[in-house]
Every structure is written in C-alpha cells, then in structure tokens.
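The following exercises concern a single protein chain and its bound ligand. Please work through each task with the model open before reading the solution.

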Amino acid sequence: MKKSLDEHAERFSEHAADYDESQDSDAYRACVDFVVEHAAPDADDVVLDIGTGTGAIALALAPDAGEVLGRDISEGMLDEAREKAAEGGVENVAFGEGRFRDPNVDGPVDVVTSNFAMHHLGDDEKRDAIDALAALEPRRIVLGDVMLFGDDTAAPFYDPAVDDPATVGLLADAFTDAGYALTAVEMVTEQAGVLVAERSV
Ligand SMILES: C[S@@+](CC[C@H](N)C(=O)[O-])C[C@H]1O[C@@H](n2cnc3c(N)ncnc32)[C@H](O)[C@@H]1O
C-alpha cells in the first residue's frame, strides 16, 4: 500500500542525516545536473524548488537566482538543507514547509523545479500537483524524477512499495492540459529523466 504524506515525511526525516551520502546513483546525479542546467534562472528570478529535501537543487541554483524557495513536507530534510545553506553562507534561500498541492508560496514564482520527489504521489495527485504548480504561473517548470519511458520489463530502479512513477505520456498530458508545452525531454534511463515545460498560454 502506498504511504501517506505523513508517513513519507517521517521516513525522510528518519534518514535525513544520511540522505546526501546515500544518493550515489548515476541516474540521480544526471537528473540533478539536467534540472540545474534547464532551470537556468535569471538573476532576479524567484525559483520554487518543491520536494527540496536537503536542498540539492535549491542550493545549486541560488548563486544564479534572485531568491530560491525550498519547500518540503519533512522537517528533518529541511533542517539539513538549512544547515547546508548556513555552512555555505547562502542567504537568498528560504526553506520551509510546503507540499506539491499546496506549495505555501505567497508572491510570484518565475521558475519551478522538482527533483526525485513527485513520484511519491499517485497519478491523479500528480495531475493535481502540476495544476497547483501551473497556478503559480511560472514561465518554466523543470521536473526531474523517476518516470517511465516505455520499457516496463526492466527491473524497477525504484521501490514499488513507496514509489509510484508515472509514464512520461501521463506527465506530458498533465503539463499540456495545464497550459504548458514540453520544450525538452532528457531520458536518463528508461525509468528516470527530466521534463522541461514552458508556459504556452
Ligand atoms: C528523494 S527526496 C529528493 C530531494 C531533492 N529534491 C533531491 O533532489 O535530492 C524526495 C523529497 O520529496 C519530499 N516529498 C515527498 N512527498 C512530498 C509532497 N507531497 N510535497 C512536498 N515534498 C514531498 C520528501 O520529504 C523528500 O524530502
């Protein structure tokens, strides 16, 4: 059975201290690099990084952005992110509670990023999440994640007990329905990749 939001938050908080060290897969690293490269914020842009975890994307984008808002459901992960920001003297990042379907953001957002987080949601929830992010009217949404490009015979790279990756087709439809056009697709493996969606309306 898939886990609830609270169960996901608790699970990540328990492992927050070891999270960075445990992210040693080539697919994860490639997705981080593609998300950062495609986000490409301008110097005065506000970036929302949702499912920010320990801040891998948020902290990488901070030097190029005006402000970065890192949002997550796990206080343990957010604490790690805050510690890293303080250690690195990064002052234009604010980490706080927020979830895909309620990102907890007041002002305008120019670019939304998310890496390896949306696959915790069911498919209908992913559609709702993409709608909620689109409602912030960013010009670009960059989604790196476990996602299925087609070959469902390969051994799962993810954990089916807690992860629920969507097909790329479903995600593409959800972005299109929300008024965004896919402008780049990076297939990292058959089960992981990065989608770049730009506002089309
Ligand atoms: C695998 S980590 C990825 C963290 C980071 N983005 C990275 O690339 O290292 C997934 C993160 O998504 C968060 N998360 C899971 N469901 C979420 C939701 N509905 N809203 C916001 N964050 C969520 C978890 O708490 C966790 O910190």
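In these exercises Ala, Val, Leu, Ile, Met, Phe, Trp, Tyr, Cys and Pro count as nonpolar, Asp, Glu, Lys and Arg count as charged, and the others, Gly among them, count as polar. The model is predicted.

**Exercise 1. The ligand shell**

Determine how many residues surround the ligand, and classify them.

Solution.
Step 1. The ligand is surrounded by 23 residues. The closest are Gly-51, Gly-53, Ser-74, Asn-115 and Ala-117.
Step 2. By class, the shell holds 13 nonpolar, eight polar and two charged residues.
Step 3. Helices α1 (5-14) and α4 (56-61) each contribute at least two residues to this shell. The most come from α1, which supplies four.

**Exercise 2. The sheet**

State the order of the strands in the sheet, and explain why β3 and β6 each have one side without a neighbour.

Solution.
Step 1. The sheet is open and consists of seven strands, ordered β3-β2-β1-β4-β5-β7-β6, with mixed pairing.
Step 2. β3 (93-97) and β6 (180-189) occupy the edges and have a single partner strand each, so one side of each lacks a neighbour in the sheet.
Step 3. From one strand to the next, the twist averages 15°.
Step 4. Helix α3 (residues 26-39) packs on this sheet, where α3 touches β1 (46-50), β4 (111-115), β5, β6 and β7. The direction of α3 makes about 15° with that of β7.

**Exercise 3. The pairings of β7**

Describe how β7 pairs with β5 and with β6.

Solution.
Step 1. In general, strands of a sheet pair through backbone hydrogen bonds, either parallel or antiparallel.
Step 2. β5 (residues 140-146) and β7 (residues 192-199) are antiparallel, over seven bridges. Here Gly-144 stands opposite Val-194 of β7.
Step 3. β6 and β7 are likewise paired in the antiparallel sense, over eight bridges. In this pairing Ala-184 faces Val-196 of β7.
Step 4. The connection from β6 to β7 is a hairpin of two residues.

**Exercise 4. Two helices in contact**

Characterise the contact of α6 with α7 by geometry and by residue class.

Solution.
Step 1. The axes of α6 (residues 123-134) and α7 (residues 168-177) come within 9 Å and cross at roughly 35°. The crossing is right-handed.
Step 2. From α6, Asp-123, Lys-126, Arg-127 and Ile-130 meet Leu-170, Leu-171, Ala-174 and Phe-175 of α7.
Step 3. These contact residues comprise five nonpolar, no polar and three charged.

**Exercise 5. The annotated span**

Relate the UniProt annotation to the model.

Solution.
Step 1. An unreviewed UniProt entry lists residues 47-134 as "domain: Methyltransferase".
Step 2. In the model, this span is 36% helix and 23% strand, and its end C-alpha atoms lie 13 Å apart.

Terms used. Residues are numbered from 1 along each chain as its sequence is written. This is a predicted model: local features need pLDDT of at least 70, side-chain atom pairs count only at pLDDT 80 or more; totals for chains, interfaces and linings use all residues. UniProt positions are given in the numbering used here, feature names are shortened, and annotations may be inferred rather than shown by experiment. Axes are lines fitted to C-alpha atoms, for helices over the stretch in contact, and angles run from 0 to 180 degrees between N-to-C directions. A crossing is left-handed if the near helix is turned anticlockwise from the far one by less than a right angle, and right-handed if clockwise. Two residues are in contact if their C-beta atoms, placed from the backbone, lie within 7 Å. Two strands pair if DSSP finds at least two bridges between them. A residue is near a molecule or strand if its C-beta atom, placed from the backbone, lies within 6 Å of it.
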